[in-house]
Each structure stands twice: as structure tokens, then as C-alpha cells.
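Trainee: Could you go through this one with me? I'd like to take it piece by piece.

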Amino acid sequence: MQALTNKVKVVSREPMTWMERMYLPAILKGMAITFSHIFKKRPTINYPEKKRPFSPVFRGLQILNRDEEGREKCTACGLCAVACPAEAITMEAAERQPGEEHLYKEEKYAAKYEINMLRCIFCGFCEEACPKDAIYLSETFAPSNFQRKGFIYGKEDLLIPHPVEEPETFAKARGSRAKHPEGHGNEH
Ligand code: SF4
Ligand code: SF4
């Protein structure tokens, strides 16, 4: 029969020799391979005690940004939702009331902001579309969950901690991708 590829290996049907019936050479060959791996660098790590560093281009969970005074930057313009190819973002806009200037940077803000992490493909288009530097993708990922509704992330999950009231958790959540003191960088 003609072979379709050159990868065909012809199986020998010859009866085994005395040496082959001992199986000893095959066992020694297998043990040699096993021992050779003892001295090689282990490709596995003890997660979660140890974690691999993320690639500089890794795009993970979204963060809703605040300014240096802790005011929410999002102005609920909806450009991120329009840019999102997965239609993962929904929001409801509200008007800032007198006396709320310390909470919201712009006159309009997102009263509700949700990202469906089951839809999100972490493309980063929402970050690119945002004119207010109000959203960026961080170096962490959405933890696993047993329920689908657990993957709908609301503002309380996405909003970065307050930089003045909780400076330590803010610095930890901010990560190294937010390069500028004001945030991640494409505000106009
Ligand atoms: S990263 Fe991409 S898919 Fe995910 S919310 Fe942003 S635009 Fe949508
Ligand atoms: S995150 Fe940015 S693009 Fe999206 S609604 Fe807020 S200000 Fe607009």
C-alpha cells in the first residue's frame, strides 16, 4: 500500500531476540531518561506559592481609574462599550450633583458600570478608546467562579481603591502598567 506521507514507520514483526526478551536494555534506557531529567531545570512551579511574572504585553482584568485626589475619572461617554468587539460592557450614566465634585472628576459619571468577563477577550480596545484614561487592563486576571453571574464585574469590583484613603491597596491594585501618576496615559 502506498504511504500518504513520509512519516510512516515500518513495524518489525521479527521474533524478539533473547536479549530483547530480558527487557533489561529497555528498562535501563528508560531509567537513564528518567535520571537525566533530575538534573534539568524544572518547567513547573509551585503555584500559588510561586507565580510566574507576567509578560509586559499581558492584558488582564480591567481597572476603573481614579485621579490623584481619588475622584472617578469615567465620564460614562460609552466609547469603551462601542469599541468593545465582544459587547461585554454596559453602563448607566448619571449627572454629578453639587457637592459631589470630590467623588467624580467630570460632570457626568457612570452610576453603573459592568463588564461581563465571560464575554471579554481582553483585547484592550476599551482602554484604547477611552478619552479620559479611565480604564486600563492590569496584570491580574479574573479568578475562577462557580456561577456565571459571578463573572459580571460591577463598579465595586473594577474601581481602583482610593489613593488617599487606602494608599497601600491603591498602589498594589494599580500595578506597573499605570505608568503615570495620573494613570495610564492616553487622556487628552
Ligand atoms: S478588553 Fe476588549 S473585549 Fe474586554 S471589555 Fe475591553 S474592549 Fe471589550
Ligand atoms: S471608561 Fe472611558 S470610554 Fe468608557 S465610558 Fe468611561 S470615560 Fe468613556
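**Starting from the tail segment**

Mentor: Sure, and keep in mind that this is a predicted model. Let's begin with S176, which sits in the segment after helix 6.

Trainee: Okay, is S176 buried or exposed?

Mentor: Count the other C-beta atoms within 10 Å of its own: there are 9. A residue with 12 or fewer is called exposed. So S176 is exposed.

Trainee: And helix 6 just before that segment, how many of its residues are buried?

Mentor: Helix 6 covers residues 167-174, which makes 8 residues. It lies largely in the open, because the number buried is 0.

Trainee: Which residue follows helix 6, and what is its phi?

Mentor: Look right after the helix and you'll find G175. Its phi is positive, near 70°.

Trainee: How far is S176 from P56 in space?

Mentor: Along the chain, S176 and P56 are 120 residues apart. In space you go from C-alpha to C-alpha, and that separation is 9.4 Å.

Trainee: Where does P56 sit, and is P56 buried or exposed?

Mentor: P56 is in the loop between helix 2 (24-38) and strand 1 (62-64). P56 has 8 C-beta neighbours inside 10 Å, so the label is exposed.

Trainee: What is the distance between P56 and E139?

Mentor: In sequence, P56 and E139 are 83 residues apart. From C-alpha to C-alpha, the distance in space is 8.6 Å.

Trainee: Back to helix 2: what length would you expect for its 15 residues, at 1.5 Å a residue?

Mentor: From its first C-alpha to its last, helix 2 reaches 21 Å. That is close to the expected value. Helix 2 is also hardly covered, with a buried count of 0. As for the expected length, it is 21 Å.

Trainee: Let's zoom out. In what order do the elements of the protein chain run?

Mentor: The protein chain has 6 helices and 5 strands. Read from the N terminus on, the order is α-α-β-α-β-β-α-β-β-α-α.

Trainee: Which strands are at the edges of the open sheet?

Mentor: The sheet has 3 strands in the order 2-3-5, with antiparallel pairing. An edge strand pairs on one side only, which leaves strand 2 (89-95) and strand 5 (152-153).

Trainee: Which residue of strand 5 stands opposite N116?

Mentor: Strand 3 (residues 108-116) and strand 5 run antiparallel and are joined by 2 bridges. Opposite N116 in strand 5 you'll find I152.

Trainee: What radius of gyration does the protein chain have?

Mentor: For 188 residues, a compact globule would come out near 16 Å. The C-alpha atoms here fill a box of roughly 95 × 45 × 35 Å along the principal axes. Just 19% of the residues count as buried. The radius of gyration is 27 Å.

Trainee: Now the ligands. Which residues come nearest to ligand 1?

Mentor: There are 14 residues around ligand 1. By class, 13 are nonpolar, 1 is polar and none is charged. The nearest are C84, C120, C123, F125 and C126.

Trainee: And how many charged residues does the shell around ligand 2 have?

Mentor: Ligand 2 also has 14 residues around it, with C74, C77, L79, C80 and C130 coming nearest. The shell has 11 nonpolar and 2 polar residues, and the charged count is 1.

Key. Residues numbered from 1 in each chain as written. Chains lettered and ligands numbered in written order. Predicted model: local features only at pLDDT ≥ 70, side-chain atom pairs only at ≥ 80, totals over all residues. Near = placed C-beta within 6 Å. Nonpolar A, V, L, I, M, F, W, Y, C, P; charged D, E, K, R; others polar. Buried ≥ 20, exposed ≤ 12 C-beta atoms within 10 Å, placed from the backbone. Helix = DSSP H or I, 4+ residues; strand = E, 2+ residues; numbered from the N terminus. Rg over C-alpha atoms; globule rule 2.2 N^0.38 Å. Pairing = 2+ DSSP bridges. Expected span 1.5 Å × (residues − 1).
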